[in-house]
Amino acid sequence: MLKIYTKVGDHGKTKQVTGKMVPKYDLQIEALGALDELDSYLGYVVSVLSPKSAELAPAIQTVQRNLYELQADITVKRHHNITFDDTKQLESEIDRIMDKLPAIKAFILPGGNQAGASLQYARALARRAERMVIELNDKQQPLNDEIFEYLNRLSDYLFALARYANFLEGYQEVESKMK
């Protein structure tokens, strides 16, 4: 049986795939942690989908799989699985979803039913992960442009999914400005 602990502690360091030991606050570790947090939270989102919004599960799980690939693209040299095609796929899905929804004429408050509100939170986590990956690129490890495009579009996609989840549940979105 594979043990998940070492019994020696890590003394605040972690081992990169190269074998190099780095502090847990290393920019690569922080970026990977932000992506892992987003991926894990999307698993939570799938768990709270109601029968009315259950159709979103496969799309969310595709994003989770892509996040694993994206993390590998950051971690493993010569691993390059996230491409502009993945971003184009998100854009197509955003357009398809938004065509089903009423147009918004003002900013809306994040929230709604449990799935919609959770997807709005996932959108915010995606933005944070994007900022951390950009910092990693700028300060320590040059990355492929495909990664940035995908992460940027991902938050838009999660916004569209949040609106769609709320729409499926019959939730009326609330504008940010009071009338």
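Start by selecting Asp 145: at 52% relative accessibility it counts as exposed, because the cut-off for that label is over 50%. Bear in mind as you click around that this is a predicted model. Asp 145 sits in helix H5. Now add Tyr 25 to the selection and draw a distance between the two C-alpha atoms. You should get 24 Å, for a pair 120 residues apart along the chain.

**Zoom out**

Show the whole thing as a cartoon. What order do the strands and helices come in along the sequence? Reading along, you meet β-β-α-α-α-α-α, which gives 5 helices and 2 strands in the protein. Along the principal axes, the C-alpha atoms fill a box of roughly 55 × 35 × 30 Å.

Colour by accessibility next. Of the 179 residues, 41% count as buried. Switch on the surface, and about 10,700 Å² is exposed, with carbon and sulfur atoms supplying 55% of that area. As for contacts between residues at least 6 apart in sequence, 73% of them join residues at least 24 apart.

**H1 and H4**

Select residues 27–47 for helix H1 and 114–139 for helix H4; their axes are 9 Å apart and the packing angle is about 165 degrees. That makes H1 roughly antiparallel to H4, since angles over 145 degrees get that label. Turn the view so that one helix lies over the other, and you're looking at a left-handed crossing. Colour the contact by residue class and count 19 nonpolar, 3 polar and 5 charged residues.

Stay on H1 and pick Val 46, which belongs to this helix. What does Val 46 touch, leaving aside neighbours within four places in sequence? The answer is Ala 57, Ile 60, Gln 61 and Gln 64. Try a C-alpha to C-alpha distance from Val 46 to Pro 58 as well: 8.8 Å in space, for 12 residues in sequence.

**H2 and H5**

Hide H1 and H4, then bring up H2 and H5. Their axes come within 12 Å and cross at roughly 160 degrees, and that makes H2 roughly antiparallel to H5. The crossing here is left-handed. To see the contact, show side chains on the H2 side for Ala 59, Ile 60, Val 63, Asn 66, Leu 67, Leu 70, Asp 73 and Ile 74. On the H5 side, show Ile 147, Tyr 150, Leu 151, Leu 154, Tyr 157 and Leu 161. By class, the contact splits into 12 nonpolar residues, 1 polar and 1 charged. Ile 60 is worth a second click: this residue of the H2–H5 contact is also one of those touching Val 46.

**The loop after H2**

Follow H2 (57–75) out of its end and into the loop leading to H3, where you'll find Arg 78. Check the backbone here: phi of Arg 78 is near 70 degrees, a positive value in a residue other than glycine. Most residues other than glycine have a negative phi. Is Arg 78 buried or exposed? Exposed, with a relative accessible area of 82%.

**H3 and H5**

Last stop: keep H5 (residues 145–169) on screen and add H3 (residues 84–100). The two pack at an angle of about 20 degrees, with axes 9 Å apart. That makes H3 roughly parallel to H5, because the angle falls under the 35-degree cut-off. Their crossing is left-handed. Colour by class once more, and the contact of H3 with H5 shows 12 nonpolar, 1 polar and 10 charged residues.

Definitions and conventions. Residues are numbered from 1 along each chain as its sequence is written. This is a predicted model: local features need pLDDT of at least 70, side-chain atom pairs count only at pLDDT 80 or more; totals for chains, interfaces and linings use all residues. Side-chain values use heavy atoms; hydrogens and water are left out. Axes are lines fitted to C-alpha atoms, for helices over the stretch in contact, and angles run from 0 to 180 degrees between N-to-C directions. Helices (H or I, at least four residues) and strands (E, at least two) are DSSP runs, numbered from the N terminus. Angles under 35 degrees count as roughly parallel, over 145 as roughly antiparallel, 65 to 115 as roughly perpendicular and the rest as oblique. A crossing is left-handed if the near helix is turned anticlockwise from the far one by less than a right angle, and right-handed if clockwise. Ala, Val, Leu, Ile, Met, Phe, Trp, Tyr, Cys and Pro count as nonpolar, Asp, Glu, Lys and Arg as charged, and the others, Gly among them, as polar. Buried means under 20% relative accessible area, exposed over 50%, partly exposed in between (1.4 Å probe, protein chains only). Contact means heavy atoms within 4.5 Å. Accessible areas come from the Shrake-Rupley method with a 1.4 Å probe; for residues, only the protein chains shown count as cover.
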